[in-house]
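Me: Please choose one part of this model and take me through it slowly, explaining each term as it comes up. I would like to see how the neighbouring pieces fit in around it.

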Amino acid sequence: DANILHFATHGILNSNNPLYSALVLSASPDSSEDGLLEAWELMEMKLSANLAVLSACETARGHTAGEGIVGLSWAFFVAGVPRVVASQWKVESKSTSDLMNLFYKNLKTDNPLSVPKALQQSMIQRIRTSNRKHPFYWAGFIAIGG
């Protein structure tokens, strides 16, 4: 029932079979669950969130098919989430945390910004106020969807 799903975790990219790309969650010793939330599992869910933020490595990557990039971000769309923020490469934890804090502040302003605009403003703020100005630290994330 949450409006925003935020995953601050590790992502696993499976280039050979992108439907087995996964977010690493916690495995339960009392369960048969392996602790991986794979793309194919997401596609079987019915999610009502408005936004999924995948604050993990390589979550926007996948395999190009007729549907576009098939992978984790695509699986969220299939599950019903219309907007996804995801990363294109391996991202550094501290700068990602800082970027996400700015992103949520920008998303929650008195005059709310769209998801892409909030992400863009966060990146601009990182460039202007950080010692980590190199694009590696802020440019890995993209906003996908309407």
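Reply: A good place to begin is Val53, whose bridge partner in β8 is Val85. This is a predicted model, in which local features need pLDDT of at least 70 and side-chain atom pairs count only at pLDDT 80 or more, while totals for chains, interfaces and linings use all residues. Residues are numbered from 1 along each chain as its sequence is written, and side-chain values use heavy atoms, with hydrogens and water left out.

Strand β8 covers residues 83-87 and runs parallel to β5, to which it is joined by two bridges (strands are DSSP runs of E with at least two residues, numbered from the N terminus, and two of them pair if DSSP finds at least two bridges between them). Strand β5 also pairs with β1 (residues 4-7), again in the parallel sense, and here there are four bridges. One position in that pairing is Ile4, which has Leu51 as its bridge partner in β5. Within β5 itself, residues 51-54, the side chains of Leu51 and Val53 point one way while Ala52 and Leu54 point the other way, and all are buried (under 20% relative accessible area, with over 50% called exposed and the range between called partly exposed, using a 1.4 Å probe and protein chains only).

Another strand also holds a buried residue, Glu38, which has its place in β4, residues 36-38. Glu38 counts as buried because its relative accessibility is 12%. Its side chain is joined to that of Trp40 by a polar contact of 2.7 Å (a pair of N or O atoms within 3.5 Å, where one must be able to donate a hydrogen and the other to accept it, and residues adjacent in sequence count only if both atoms are side-chain atoms). When residues up to four places away in sequence are not counted, Glu38 touches Leu19, Tyr20, Ser21 and Ala22 (contact means heavy atoms within 4.5 Å).

From Glu38 we can step across to one of those residues, Ser21, whose place is in the loop between β2 (10-12) and β3 (22-24). Ser21 counts as buried because its relative accessible area is 2%. Leaving aside neighbours within four places in sequence, Ser21 is in contact with Ile12, Leu13 and Asn14, with Leu37, Glu38 and Ala39, and with Leu72.
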